[in-house]
Amino acid sequence: MMDSLDELSHGLANLSMFPFFDMAHYVVSVMALREQPGALEVSRASPLACWFSSMLYCFGGAVLSGIMLAEPPVAPLSNGTGILLASLLWYLVFYCPLDLVYGCAARPPLRFVLSGMKEVTRTWKVLGGVTQAHSKYKDGLLVMIAIGWARGAGGGLISNFEQLVRGVWKPETNELLKMSYPTKVTLIGAVLFALQQTDYLPLHTHHLMLIYTTFTVVNKTRMMLTGSAASPFAPIESVLHKTLFAGFSPYAALTATEPCEPPANGTSLQTKDESAKKSD
């Protein structure tokens, strides 16, 4: 049993993401953009803005992590094959005759498969970011976590900038204010892989890859099958928030509003008026 799991983990670690898993990532990312309010109108009014937004959805993690590591943010453009493949899939999702590509990819069986393949690529992106940061900052645990998080969830973290490309400004959708499930699970993965790279977590890399990938794929499939958007981390988050961040504030007494008291003679005046009306 353990030998089989070890072989499976090695096989997963040696799995190539190009082209099929990368294609799944591009298709799901572009579909997520298309399903944003107003995205179809933008695709008709300004195909260039729509294409640029799609590239941010597909390569946002590489752009953000590059900026954080003081590398050229245009470096992802050097991957000509990836850009061409993502651009082709962007065109097919938005402009295919009779909407055939989007209609087929949006059907539940195929969408489940594509979403699961995208979750597999999340593992490689997070691990790639952590190892890249580890090669430059051997003891920089927080740097590894930040770069791994940015590489795996960069599209969500720069969502406000992507919205500006489409002429939308919604600061309340900032991922740091209200993190979505992909951003949370990517952060957890970055923490785990950073701990593993610095020997604080006694696991082999390929074993952790198998555990993390299985969790993300299974949980994503469960959420899609049940139609639930609730995060599986919600109970833990609630307990931690109530325990650590929702205590009594010393400033509550300063900000509380005191109820207004009625005038002292208000009752007596009202009583006199009522008695006068009764006598009339």
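A pocket is an open set of grid points with protein on both sides within 12 Å along at least five of seven lines. The model analysed here is predicted. Its second largest pocket has a volume of about 270 Å³.

Two helices stand out in the lining of this pocket. Helix 10 (181-197) and helix 12 (234-245) each supply at least two lining residues. Helix 12 provides the largest share, with four residues. The lining consists of Met179, Lys184, Leu187, Ile188, Phe233, Ile236, Glu237, Leu240 and His241. By class, six of these residues are nonpolar, two are charged and one is polar.

The nonpolar interior was examined next. In soluble globular proteins, nonpolar side chains tend to be buried together. In this model, the largest nonpolar core contains 26 residues. Tyr26, Phe59 and Phe94 have the most contacts inside this core. Five helices each contribute at least two residues to it: helix 2 (20-34), helix 4 (47-68), helix 5 (80-95), helix 6 (100-105) and helix 7 (108-136). Helix 2 gives the most, with eight residues.

Phe94 was then considered individually. Its neighbours within four places in sequence were left aside. Beyond these, Phe94 is in contact with Val30, Leu33, Arg34, Ala39 and Leu40. Contacts of Phe94 also include Ser43, Arg44, Cys50 and Ser54.

A second core is separate from the one that holds Phe94. This second core comprises 20 residues. Among them are Val130, Ile147, Ala153 and Val185.

Technical notes. Residues are numbered from 1 along each chain as its sequence is written. This is a predicted model: local features need pLDDT of at least 70, side-chain atom pairs count only at pLDDT 80 or more; totals for chains, interfaces and linings use all residues. Side-chain values use heavy atoms; hydrogens and water are left out. On a 1 Å grid over the protein atoms alone, a cavity is a set of points where a 1.4 Å probe fits but cannot get out, and a pocket is an open set with protein on both sides within 12 Å along at least five of seven lines; lining residues have an atom within 4 Å of a point. Grid points are joined across faces, edges and corners, and a volume is the space filled by probe spheres set on the points. Ala, Val, Leu, Ile, Met, Phe, Trp, Tyr, Cys and Pro count as nonpolar, Asp, Glu, Lys and Arg as charged, and the others, Gly among them, as polar. A nonpolar core is a set of buried Ala, Val, Leu, Ile, Met, Phe, Trp, Tyr and Cys residues joined through side-chain atoms within 4.5 Å. Buried means under 20% relative accessible area, exposed over 50%, partly exposed in between (1.4 Å probe, protein chains only). Contact means heavy atoms within 4.5 Å.
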